[in-house]
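Hi everyone, thanks for making time. I'd like to walk you through one model today, so let's bring it up on the screen.

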Amino acid sequence: MISVERLAVIMGGVMMILATSTQISHAAGKTELHCITGPIERTYGGTKWLVHSCTDGKSLVFTAEAGPAAPFEFDLTYTGNGYDLDGKGKGDRKYTDAAYADLQKLRAPDILKLIKETQAAKPKS
């Protein structure tokens, strides 16, 4: 059996390791984003997408859950100097390429408007 004192020492070490890994993560600029605010529905490339905003208040995620582009996700991530647009999934390339072309046209005012709309949206139950 482990004594209470020994358990406290072990837990203290675990907490120190977790704190260090969190600091390293932040120092490397890799803050974990959670993108669950929203969604709102928009059409890009002729396909409906669900749009969620992220905890940084600057990034967005676009997901196709139905239709020919699904399953697919685009991440529009704020880098500090602008935005990166990346996509992943197995949707029909014809539709995902068309959506990508539309999403590349988004500018700062468009992105800010989408973020505000996702923040005002009622979560779907």
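Let's start at the hairpin: strand 2 and strand 3 form it, with six residues between them. Look at Gly-57 in that turn, where phi is positive, about 70 degrees. Please keep in mind that this is a predicted model.

The two arms of the hairpin are antiparallel, and four bridges link strand 2, residues 47–53, to strand 3. If you want a pair to click on, His-52 sits opposite Val-61 of strand 3.

Now, which strand pairs with strand 3 through five bridges? That is strand 4, residues 72–78, and this pairing is antiparallel too. Here Leu-60 has Leu-76 of strand 4 as its bridge partner.

So strand 3 has partners in strand 2 and in strand 4. How many of the five residues in strand 3 are buried? Five of the five, across residues 60–64. In a regular strand, side chains alternate between the two faces of the sheet. You can follow that here: Leu-60, Phe-62 and Ala-64 point one way, Val-61 and Thr-63 point the other way, and all of these are buried.

Let's zoom out to the whole protein. There are three helices and five strands, and from the N terminus the order reads α-β-β-β-β-β-α-α. Of the 125 residues, 28% are buried. The exposed area comes to about 8600 Å², with carbon and sulfur atoms supplying 58% of it.

One last number for the contact-map fans: take contacts between residues at least 6 apart in sequence, and 35% of them join residues at least 24 apart. Thanks for listening!

Methods. Residues numbered from 1 in each chain as written. Predicted model: local features only at pLDDT ≥ 70, side-chain atom pairs only at ≥ 80, totals over all residues. Heavy atoms only, no water. Buried < 20%, exposed > 50% of the residue type's maximum accessible area, 1.4 Å probe, protein only. Contact = heavy atoms within 4.5 Å. Areas by Shrake-Rupley, 256 points an atom, 1.4 Å probe, with all protein chains shown as cover. Pairing = 2+ DSSP bridges.
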